Amino acid sequence: MNKFVPVFLMFVFSACASIPVPPIVPGKGAVYGTLTAQSHSKIIEKAKGSGGNDDYAGPDGIIFNKDMVNYRNLKDLYACLLDPSYTGGKQINLTATTEGLSPRSLALSPGDIISISNSTSGPLTFFLADMGDAFQDLGKIKPGQTESFTIKIQGNLELGTDEDEAIKAIVFSQSGLRSKRVASGQAYSFEKLEPGSYDMIFWFWRLGKIHRQVQIQPGQNVAVHETLSVNTVMR
Amino acid sequence: MKLSTYYATFFLTLVFICAAKPALSNQTVSGVVSIQGNKSLSNIIVYLENKNGSNSTSTNTAHEVVQRRLRFRPGLNIVVQGDLVKFLNAENREIDHNVYSLSGVKTFDLGLAERGSQLEMTFDKPGVLNYYCSVHKLMEGRMVVLPTRHYVKLGEPGAFEITGVPSGDWTLKAIIFHRRYKTKPLDITVSNKSITNLNLSIIKK
């Protein structure tokens, strides 16, 4: 058994080494970590228990087929930090095609700018709205053109068009929200933060949000690794 | 039995019938749904909400959502608060399905269902929620939970008719899924006569 310990430690070390740790800045702090998406615990359990007998189960766990949500390959996970001093300014690029909008989800703050390229053959009139009265008219973009818009509203919004109901994205907008879009298993970091307490939100549109609070000390980095799955968002 | 007892019984029966009459009223509320700019929208759910909050849901119904060929069928479900929904795994091969929702209307995770089994959930709060299978990417469904059974679903804007409406004060509303638009609700009072020629406007936000 003991002969496996060095191998295990090497594995842990190499996994940790692959996460870029932010540089220490005197008087400031940082939070960093990885964000991973995972299947429902019951399907993982079943896949492991079946020994490969189910069509999605391999001897080591799930084998994702084309019909399944491939949690290992999800691209639109968001690690967010609520920073009251942040007033926006970040630019996010989107492309509209007849297939829809890419990326399909956005996490941002009022004051951030979305730049939309219309790659369809017709004009598209964009708006942002929630299920209630929150609404922002963004305007028309001609085919082949790109336009930029500053976000003014917040909430759980939809970025949609008048012309095509399939061209839409899910938008999570909150004042002071600094966001990093990562693929499942990848690293994020928020650096040069003033010392204090911050709320963090980890989000994937189909899995919901996990809320955490982090205490930033001067000259220190805090590691927060999170996993989004049906089980972790429900707890 | 004495004659006075017969009279008393007759009188009480008469009182009971008269008292019950308003609850038995069966009026119709009808009109037209119009959309600003004549936009063509599909799946418009027109419904009545009782202004006094006494939305009758006394006879709860069970609904079925079938999971077949990796889809929820139907994808859009309309139920009334208090109704039970059964999710049946009717795949033709061994595929497991899960049903979950993270909506503020109802948050739930029903676990895993093998082929031939079913999961159940009662929806007790009105609202619109999306639900998913955590395993299969195209399995998304939408549940509209209404406060009353007095509703009609329209495929497109146009004429509507809601039958069997009891007397009372009601608000006529509509649920639409295009977020550019919202409904302008109408307050109506139903008494002994049907109400016709209403114009329920759906306007741009």
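This is a short chat about the two chains of a predicted model, A and B.

Visitor: Before we start, how are things numbered, and what kind of model is this?
Guide: Residues are numbered from 1 along each chain as its sequence is written, and chains are lettered from A in the order in which they are written. The model is predicted, with local features needing pLDDT of at least 70, side-chain atom pairs counting only at pLDDT 80 or more, and totals for chains, interfaces and linings using all residues, while side-chain values use heavy atoms and leave out hydrogens and water.

Visitor: How many residues are in the largest nonpolar core?
Guide: The largest nonpolar core has 83 residues. A nonpolar core is a set of buried Ala, Val, Leu, Ile, Met, Phe, Trp, Tyr and Cys residues joined through side-chain atoms within 4.5 Å. Buried means under 20% relative accessible area, exposed over 50%, and partly exposed in between, with a 1.4 Å probe and protein chains only.

Visitor: Which residues have the most contacts inside it?
Guide: Those are Val31(A), Ile114(A), Phe126(A), Leu159(A) and Phe87(B). Contact means heavy atoms within 4.5 Å. Not counting residues up to four places away in sequence, Leu159(A) touches residues including Leu94(A), Leu101(A), Ile114(A) and Phe126(A). Apart from the largest core lies another core, of 23 residues, with Val152(B) and Ile202(B) among them.

Visitor: Where is Phe190(A)?
Guide: Phe190(A) is in strand S15 of chain A, residues 186–193. Strands (E, at least two residues) and helices (H or I, at least four) are DSSP runs, numbered from the N terminus.

Visitor: Buried or exposed?
Guide: Phe190(A) is buried, because its relative accessible area is 1%. Leaving aside residues up to four places away in sequence, Phe190(A) touches Val31(A), Leu81(A) and Met200(A), among others. Ala79(A) is 111 residues away along the chain, and its C-alpha atom is separated from that of Phe190(A) by 9.3 Å.

Visitor: And Lys192(A), buried or exposed?
Guide: Lys192(A) is exposed, because its relative accessible area is 59%. Lys192(A) is also in strand S15 of chain A. Its phi is near 55°, a positive value in a residue other than glycine.

Visitor: What lines the second largest cavity?
Guide: The lining includes Pro23(A), Ile24(A), Lys192(A) and Asn221(A). On a 1 Å grid over the protein atoms alone, a cavity is a set of points where a 1.4 Å probe fits but cannot get out, and lining residues have an atom within 4 Å of a point.

Visitor: How much space is in the second largest cavity?
Guide: About 40 Å³. A volume is the space filled by probe spheres set on the points, with grid points joined across faces, edges and corners.

Visitor: Which residue shares a polar contact with Glu226(A)?
Guide: Arg212(A) does, with the two side chains joined at 2.9 Å. A polar contact is a pair of N or O atoms within 3.5 Å; within protein, one must be able to donate a hydrogen and the other to accept it, and residues adjacent in sequence count only if both atoms are side-chain atoms. Glu226(A) counts as buried because its relative accessibility is 8%.

Visitor: Switching to chain B, how many helices and strands?
Guide: Chain B has one helix and 17 strands. Buried residues make up 44% of its 205 residues.

Visitor: Where is Pro74(B)?
Guide: Pro74(B) lies in the loop between strand S4 (71–73) and strand S5 (76–80) of chain B. The peptide bond from Arg73(B) to Pro74(B) is cis, with omega near 0°.

Definitions and conventions. 1 Å grid on protein atoms, 1.4 Å probe; cavity = no way out; pocket = protein on both sides within 12 Å on 5 of 7 lines; lining within 4 Å.
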